[in-house]
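Student: Please take a close look with me at the strand pairing in this model. I'd like to follow the sheets first, and then see where they lead.

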Amino acid sequence: MAGKYQIPRGTFDILPEDSYKWQYVTNVFKEVVRTYNYQEIITPIFEKSEIFERSVGESSDIVQKEMYRFQDKKGREFALRPEGTASIVRSYVENNLGMNGGNTKLFYLGPMFRYDRPQKGRFRQFYQYGVENIGSDNPFIDAEVIAIGYSFLKKLGLQNFELQINSIGCANCTPNYDKALVKYFTPYLNEMCSDCNTRINKKPKRLLDCKVPSCKKIAQNAPSMLDYLDNECRDHFAGVQDFLKKMEIPFTINPKIVRGLDYYNKTAFEFIDNNLGAQNTLIGGGRYNGLISQFGGKDVPGTGFAGGFERLILSMETEELPFGKEQLPDIFLVTLGQKAFNYGNKLLLKLRDAGICVEYDPDKETMKAQMKAADRSRSRFTLILGEDELAGNKIILKDMKSGAQQFIKLEKIVESLKKMFKK
RNA sequence: GUGGGUGUAGUUCAAUGGUAGAGCACUGGAUUGUGGUUCCAGGCGUUGUGGGUUCGAGUCCCAUCAUCCACCCCA
């Protein structure tokens, strides 16, 4: 079983028995995003390392210990993308995507890479879908981006998820809040974990997120970011909530949501599925107003989200949701004898050209073996062509469910099957 | 990076330190050209890998790799 040649740790093959699920989910995502008039953008899966260092944040865990870094032959520093937004902002600036006026509305799909310890819902290569809306600071856009995520999850049939939103402020209001947090936590430091102790001076907000029970208890009564927002951020957050209410999208405010990527400000949100285990964030996103200018573009605001397909599919499986229709063959062709086999070759091509999915197994010779194969293929019908039929210029069409069979004239078979399957 | 569980046939799992087995799946057969049900037949697999203890290791010990769950982090 576990032989010499093994797939890299934390990666997985998507086998035929599962790949249709991935196809279904990506198709639904594309459909939903189309209704919001978002266009696809496809960027490379590796970039200069500094693209991620600058955007995601030098001190973030993603950059510090989770990036797949490598040098090319000329010693240039690259990294496999750990997330999608950085590349898109880079491309936005590099290609002047904002030149047409209005908002730039983009979506993307593809693999991301993080050197993490694998776990339920967490992999080293994982597949994300996401959207970015660049060009507006209007809280309506925050709400609309959230609405895309909501529409998507709903369209898949998911029920057990919850939307949590927060405002994490901006460069103007966070310093005051950080100061208040330091002041609040300092007296408790000897009761808190070592991580919290080291983080208090770098990113005091992270103490809110700590899951160590004793820390959690202390964090419960910590001052809330929402009380430290400046007027602009407060109004903006109120606006987002107002639009969400108008759109009738249910949400709860969770002041403890902290995005791990440095570029976020103002709105932060997560769609969470509590039945998922420890990795329960289905979609995470928020606003990133300073990011575009950081890449040398104009000071244009942006907002977006990303989600992982693995968790999405896990969620759907636990809710026992369907992944579209199964793809089964329309026809299994059975031939008996050399002449029928010869004719069958011609027929196969004709039927397939007509858009009909036909299965055939040239390694099975007896009627029995071919019928067995037909049964296993789960095709709806079987065509049986033997010497007798060929001589009579006809073919047998058998309904595999009812067992009923009928003769059809050979020259009419393609046409009548075409009609039958509406192709 | 840390902790705990697991690793035996394609798969799901057995095997008080003493010859490695079963269900399912798979292939063939049960007289002429019809599948699903039933019956019969067909399995030597470096017991993940490398060491060690022992007369003897799938079983005990160590290491390593992989996997699962959690911490952490996040999608």
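Tutor: Happily, and one definition helps at the start: two strands count as paired if DSSP finds at least two bridges between them. Keep in mind that this is a predicted model. Let's begin with strand S14, residues 381–385, which runs antiparallel to S15 and is joined to it by 4 bridges. Within this pair, Ile-384 stands opposite Ile-396 of S15.

Now widen the view to the sheet around that pair. Its 5 strands follow the order S13-S12-S14-S15-S16, and the sheet is open with mixed pairing. At its edges stand strand S13 (358–359) and strand S16 (405–409); each has a single partner strand, so one side of each has no neighbour in the sheet. Residues 381–385 of S14 fall within the range 331–420, which is domain 2 of chain A. Domain 1 covers 16–173 + 229–318, and 50 Å lie between the C-alpha centres of the two domains.

The other sheet to look at has 8 strands, in the order S1-S5-S6-S11-S10-S9-S7-S8, and is likewise open with mixed pairing. Here strand S1 (39–40) and strand S8 (252–253) are the edge strands; each has a single partner, so one side of each is left free of a neighbour in the sheet. Inside the order, strand S5 (residues 104–113) meets S6 in an antiparallel pairing of 10 bridges. Phe-107 faces Val-131 of S6 across that pairing.

Where do these strands lead? Several of them reach RNA strand B: S6 (125–134), S10 (281–287), S11 (302–308) and S15 (394–399) are among the elements that each supply at least two residues to the surface near RNA strand B. Helices H11 (309–318), H13 (367–377) and H14 (387–391) do so too. H13 gives the most, with 6 residues. In all, 52 residues surround the RNA, the closest being Arg-117, Arg-199, Arg-206, Gln-279 and Thr-281. By class, this surface has 22 charged, 16 nonpolar and 14 polar residues.

You may enjoy the atomic detail here. A polar side-chain atom of Gln-128 is 2.6 Å from a sugar or linking oxygen of RNA strand B. The side chain of Arg-122 places an N or O atom 2.6 Å from a base nitrogen. For Asp-375, a polar side-chain atom sits 3.1 Å from a base nitrogen of RNA strand B. Across the RNA atoms within 4 Å of the protein, 51% belong to sugar or phosphate and the rest to bases.

To finish, here are the empty spaces around these elements. The second largest pocket has a volume of about 420 Å³. Its lining has 22 residues, and Ile-168, Lys-205, Leu-261, Asp-262 and Tyr-264 are the closest to its centre. Helix H6 (174–185) and helix H10 (291–294) are the elements that give two or more residues to this lining, which divides into 9 nonpolar, 6 polar and 7 charged residues. There is also 1 cavity of 30 Å³ or more; the largest cavity holds about 30 Å³ of space. Ile-168 and Lys-205 turn up again in its lining, along with others including Asn-166, Tyr-177, Met-225 and Pro-255. That cavity lining is made up of 7 nonpolar, 2 polar and 1 charged residues.

Conventions: Residues numbered from 1 in each chain as written. Chains lettered and ligands numbered in written order. Predicted model: local features only at pLDDT ≥ 70, side-chain atom pairs only at ≥ 80, totals over all residues. Heavy atoms only, no water. Domains from an automatic or database assignment. Near = heavy atom within 4 Å. Polar contact = N/O pair within 3.5 Å; in protein donor to acceptor, adjacent residues only side chain to side chain. Nonpolar A, V, L, I, M, F, W, Y, C, P; charged D, E, K, R; others polar. 1 Å grid on protein atoms, 1.4 Å probe; cavity = no way out; pocket = protein on both sides within 12 Å on 5 of 7 lines; lining within 4 Å. Points joined across faces, edges and corners; volume = space filled by probe spheres on them.
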